[in-house]
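Hi,

Here is the structure I said I would pass on. Have a look at it first, and then read my notes below.

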Amino acid sequence: MIPESLQGNPMVAALADLATFAKFEFNELTIETAPENIVEALRRVKQDLKFERLTSVTGVDRLPVEPRYEVVYHLQSVAGNSRLRLKTRASGTNPKVPTATLVYRSAEWYERETFDLFGINFTGHPDMRRIMMPDGWEGHPLRKDYPITGARY
Amino acid sequence: MSNYSGISNPTDVHRDHQVHETNGSGHRTMVLNMGPQHPSTHGVLRLLLELDGETIVKAAPDIGYLHTGIEKEFEVKTYQQGVTLTDRIDYLAPLSNNLVYCLAAEKLLGLEIPEHAQWTRVMLAEFTRLNSHLVWLATHAIDIGAMSVFLYCFREREEILRIFEMFSGQRMMTSYFRIGGLALPHPRGWQKRVKDFVDIFASRVDQYEELLTNNRIWTGRTKGIGYISLEDMLDLGVTGPMLRAAGLKVDARKDTPYSSYEKFDFEVPTRTENDVYARYLLRVEEMRQSHKIIKQALEGMPSGSHQADAPGIVLPDREKMKTQMESLIYHFKIVSEGFRVPEGEVYQAIESPRGEVGCYMVSDGTQKPYRVHWRGPSFGNLQSTSKLIEGTLIADVIAALGSMDFVLGDTDR
Amino acid sequence: MLSPAMDPQVIMQTLGKGVPTTWYLALSAVLFTIGVAGFILRRNIITVFMCIELMLNAVNLSFISFAHEHRQVSGHLFTFFVMVVAAAEAAVGLAIILTVFKNRSTLNIDEIDSLKN
Amino acid sequence: MDLFFFLLFAFIAVACAVSVVLQRHPISCALSLVGTMAALAVLYLLLGAEFIAMVQVIVYAGAIMVLFVFVIMLLNAGAEDRRGSSWVARIAGLPALAVLLGILGYLMLTFYPMIGPKASLVHFGDFTGGGAKEIGTALFTEYLLPFEVTSILILIAILGAIVLARKEID
Amino acid sequence: MQAVFAVVIAAALVTLSFVIGRRVKNPIKDMAYECGIEPTGDARQRFTVKFYLVGMLFILFDIEAIFLYPWAVVYKQLKMFAFTEMLVFIGLVLAGFFYIWKKGVLDWAATNRDNGTVTGGIPANLKSMLEPVPATTIPTRRSN
Amino acid sequence: MEFLIITSIKLALILFVFMTTLAYLQWVERKVIAHVQVRMGPSRVGPHGLLQPLADVIKLITKEGVLPPHVNTFYYLAAPFLAVFFALISVSFIPFGTGITIPVFHVGGATYGPYKTMFELADTNMGVLLVLAISSMGVYGIALAGWSSNNKYALMGGLRSSAQMISYELPMSLAIAAPLLSIGSLNLRQISDAQAGYSLGFIPHWSVFAFPAPQFFSFIIFMIAAFAETNRIPFDLPEAENELVAGFHVEYSSMTFASFFMAEYANMVTVCSMATLLFLGGWQPLWPVAYGSNLVAPLILAGAGALCVYHGLNPARPFDRITLPVFGVIFFGLAALMAFPPTVPILMPMFWFLAKVGFLLFVFIWIRATLPRFRYDQLMGFAWKFLFPVALANLLITGFLVALVS
């Protein structure tokens, strides 16, 4: 589902066989892949497209929609002075995405944070623990069904 | 385990940091806990250090003691209300955070901001950089024992805070930048105040340098300390002055200019030594550059409105509100329910004093952001802690940590 | 065997003028004996070492007493040299203790009496 | 006055010495030994050995015992286990000590009558030959060879200690 | 005299606040300070042997320093003779000093600090920095 | 008996003056540093914060003394005791002026005197070594504090601190030995007296300027070692509030905590007095009496008095109208006393001695406001690899020069 206008884009072209969706809005390029392809996509982005830095990994909870979670990777190329957003989706029942720490070490804490706040499990992560909330905390605060008030302390 | 003993379970962290562990050479090592209540972890950072004598074998930072759930909070505030939350994230650079939040929302809205407001934003953002760097220099110096520099820096910072107060009515949590422009028009007499500051500041920077730059003890404490390779830094997501002190000229103000930074004449300083001393020199140089930008902003400040001409988004003039029905309705609507922002997602990054601060904003077309993710520079920089201090002396931890210039509010959000 | 003059008056007169050298020597003997006792009784190698130092001190006291008795400075010099030797001995001895502790992980002399590891 | 000071510091010395033997924790032993040494330093002063008294404090109490304390802290030596004293000590210890003390006492009293006109007395200020000047003169003329040999002793001690502790350094 | 007063003052200082100060017991107050975390492990751990070496060197050189005082006092009488004597003495001791210096005992902490530097600007080897990471290994410090 | 009475009076005076000095040294330090750093310093309690030390002491005494259960109580309390004890006891060997003779006087028909006494509590031939010996015992207070606290930071701080103290003791004793070569005595009073006189009529015979071997480097080495011995910036690693939080006294509270600081200040005074006696000529004036050195003290004091009165007449604060003239009168009185011929021979040496000590103390404070602190390995390396060899070389060169010339 890659729009015509993006077919010639080199980044899209490099990920053409993996991408399930792409868009170019607000001057920002977004490419979406299936969860099982995300590590491969990141590898290509790092090696072929020279995006040296993973700036952040986070999640978005689209509650009624299934698959419910979007995992968003923001990448930056210092040499090419450009940015890229990669995206994948995880189901609501058992959210699981392979870890990006194999490619970018900076993903370690970001994935821990996403796990902590959304409950998305990054398989293969070396140290999948909570990072922000106390260890015994129940629930994942950034989920849309998590109450804004009334949480116990 | 009792409840007050901290958020993270120490036994858990000890899982791979066994006390009395034997390392390769047969020495017994000792685990020292640094923080969260520690004078030089600058807030509530906790470091678990495994020591072999005075040398650090392993270091494991533990964060989250200042987590306040700001990202969750964004989702129940209207866009304009969200500005006040951004102040609290990086409490040493509130205006940078205001700026990136407003820029992200304005990108979604497609708003054009008047020159006057843009220049003011640049000027105050640079003041924020000065403010942050001054606090950094002050605390870094006092960590290493130079207590006078601390007070000298705070003297200038006080002046900056007074300027903030003059503009916004607040010293620290300014919330001065709003979506669509500035919260208030410029105060009367601001030029004089800023000019007074600009006139003295250059000599004040010289004063700090006089006390530190060529001081043998200072160089002994900082030169060659806290080295981390550029590859590691990029891989670990380090941004800002640390990267520039390694020679990589990366600065969002030049690379992807925002808020009319392209109209200002300034340099992005870099160093190549990539140690604590280089980061110190770099930040001092950045202070001089900020001073230069402020001077330009002061001299060439264009006149005009402080807010965009967007009736549904910015609050109408008080005068108009009292005379025009339309304005009154807008006022009522903006205040009571906010404004709608078109659907979409943006990632806006700017150069904060600490590095790249990014705001990832997802809108679902309602008056409240669907999701705001804050990419704080401290979070990324702090990931490099282990690389930075493993293999060094325990006394170097202070210098190395200080050179990262993290703010725990920014890390934990 | 004791001095015939056990007369309290004589004793008081004598003591008013000074302390008999013998008392210093007796003190030295007592300290030496305590040192020997500790040397025999204690199990901790560091404490045993300290008892040796105690004995050396006792001997030093008698050296000084004799020096005073004979109005000569030689006794002081002997003491001085004893101290130098004690310092060297402490430096080396404690190094040995450190090594022994590293190899055997104990300070009990009963457990480190074998020559082989 | 002499008698008072002698008795006071002799008591301190003996009490601390007993404490060295009886205390269970090595740190306590070491500090008791420091007490003995300080008391002995005062007695040296009474005996007119000013310089040696100072050296006693500086070298013994201030340097050697500091090293002991360091080693105890470094090894984290805990309180001693009381059970395993050797059978020799248990059977022959105290009688042997009594015999030793007896012999020493006998020899002393034979050669130095304790009380009486012939008894030699120690009075503070009688003998002033223990100042730095006298020591220096004797040391650098009469005892020159031992002095120089001392340096070799120190040299060997440095080498020996370093070699012994080397395994720990590397 | 002074000793007695010093004892009294020192004792008073130590005990006064225990006598006068109001004492409120509190289990958290009684914990050993460890930066706001429950103390982990015992403080009675073993430390680096460097402290011992410093103590040892101090003893041996302190002896040397002590010899200097009687020497200094009689120096005016013996003059060059005393000077040569001490020169020999110090020379021998200094031989040991330089031996330990060479042995690295005086280097308080041997660190494996990597003092490499990189060149300025965008590094020329930025490409080689981005070598592929083998997908089979987990390149984190936790692997060791 | 007379000896006892005189000693008691001296003791009471000295202790009173000394304790007050310690308390006000803190005030002076805070004020000086504050002014270096462009701020006020203590200014609320009493005029110019002059009663601040008193308030501090009252606060510290009435605070709760926490006696944590995990410490080794005996040694935990013994440590500050030892620190203060050794710090206070070394003061008694410092002579701070020439002696006085109290003339014959009559009270109720009985005749007393004349009494001759010196300005120190104990005049021994071993003064230098005594002070060294006592300072070498000071290690125990700190090592014990660290050990008994049963706290990792405290133990590391204690070990570091004791290692630092013994390391710097060496260069210190070597630096002390150098000037003794040409003086040839260990008696502090004789040492000071030996530095009397002027070469070329105006260069004082102080050890620092002495012919043939000026002890300038010794003085510097001594001062550096003194900074380390008293744990002051730039050598305040043991109590540096950074990596080890507060070092050996992390578990201490209230007055036991303050005891260590008291000991630190007392050691500062002792060490500065030693430096004055050994290197700066003790109570010998800076230039000969013939050129009017006796006028300095009254002039300075009178000037201070005039300043006080002037500011009292133009007060910056309402309260100054009362306090400053009072101080002015006191200063004038002191100036008159200094100029009063019978008291000159007694007071003038004391003035010079205290002026020099005060200057050195000021240097201590000044350095604290200026320099950052060393790292621990740098500090130890500095002691062993730099200070020790330099001190030894200095000693040998001095010895050679002295032997050559005399």
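In chain B, B:Arg413 lies over the face of B:Phe379, at 5.4 Å from the ring centre. The model is a predicted one, by the way, so please read everything here as computed from that prediction. Chain B has another charge over a ring: the charged end of B:Lys254 sits over B:Phe266, 4.4 Å from the centre of that ring.

Staying with chain B, have a look at helix α12, which covers residues 276-300. How far apart should its ends be? With 25 residues at 1.5 Å a residue, helix α12 of chain B should span 36 Å, and its end C-alpha atoms are indeed 36 Å apart, so the two values agree. The helix is also mostly covered, as 19 of the 25 residues in α12(B) are buried.

The loop between α11 (252-255) and α12 of chain B holds B:Glu273. B:Glu273 is partly exposed, its relative accessible area being 29%. If you want a sense of distance in this chain, go from B:Glu273 to B:His331: they are 58 residues apart in sequence, and their C-alpha atoms are 55 Å apart in space.

Now for chains C and D. Chain C contains four helices and one strand, and from the N terminus on its elements run α-β-α-α-α. Of the 117 residues in chain C, 59% are buried. Looking at contacts in chain C between residues at least 6 apart in sequence, you will find that 52% join residues at least 24 apart.

How many residues of chain C are in contact with chain D? The count is 80 residues of chain C, in contact with 83 residues of chain D. The size of an interface is often given as the accessible area lost when the parts come together. For chain C and chain D, about 7500 Å² is buried between them, with 79% of it on carbon and sulfur atoms. As for salt bridges, the rule finds zero across the interface of these two chains.

A good residue to zoom in on here is D:Val55, which has its place in helix α3 (residues 50-75) of chain D. Is D:Val55 buried or exposed? Its relative accessibility is 0%, and because buried means under 20%, D:Val55 counts as buried. Leaving aside residues up to four places away in sequence, D:Val55 touches C:Phe80, C:Met83, D:Tyr60 and E:Ile66. Along the chain, D:Val55 and D:Ala41 are 14 residues apart, and their C-alpha atoms are separated by 8.6 Å.

C:Phe80 turns up again among the aromatics: together with C:Phe81, D:Phe51, D:Phe140, D:Phe147, E:Phe67 and E:Phe89, C:Phe80 forms one aromatic cluster.

A search of the whole structure finds 61 aromatic pairs over all chains. One of them is F:Tyr24 with F:Trp27, an edge-to-face pair at 6.3 Å centre to centre and 65° between the planes. Why edge-to-face? Planes over 60 degrees apart count as edge-to-face, and 65° is over that limit. F:Tyr24 and F:Trp27 are three residues apart in helix α1 (residues 2-36) of chain F, so about one helical turn separates them. F:Tyr24 counts as partly exposed at 27% relative accessibility, whereas F:Trp27 counts as buried at 16%.

Last, a few backbone details. Most residues other than glycine have a negative phi, and most peptide bonds are trans. Here are some places to check against that:

- A:Glu66 and A:Pro67 are joined by a cis peptide bond, with omega about 0°. A:Pro67 has its place in the loop between β3 (53-61) and β4 (69-77) of chain A.
- A:Asn27 has a positive phi, near 65°, and is not a glycine. You will find A:Asn27 in the loop between β1 (19-25) and β2 (28-33) of chain A, and it is exposed, with a relative accessible area of 65%.
- F:Val38 also has a positive phi, of about 55°. F:Val38 is in the loop between α1 and α2 (52-62) of chain F, and it is exposed, with a relative accessible area of 52%.

Cheers

Methods: Residues numbered from 1 in each chain as written. Chains lettered and ligands numbered in written order. Predicted model: local features only at pLDDT ≥ 70, side-chain atom pairs only at ≥ 80, totals over all residues. Heavy atoms only, no water. Phe/Tyr/Trp six-rings, centres within 6.5 Å; stacked < 30°, edge-to-face > 60°. Helix = DSSP H or I, 4+ residues; strand = E, 2+ residues; numbered from the N terminus. Buried < 20%, exposed > 50% of the residue type's maximum accessible area, 1.4 Å probe, protein only. Lys NZ or Arg CZ within 6 Å of the ring centre and 35° of its normal. Expected span 1.5 Å × (residues − 1). Contact = heavy atoms within 4.5 Å. Buried area = accessible area lost by both parts, 1.4 Å probe. Salt bridge = Lys/Arg side-chain N within 4 Å of Asp/Glu carboxyl O.
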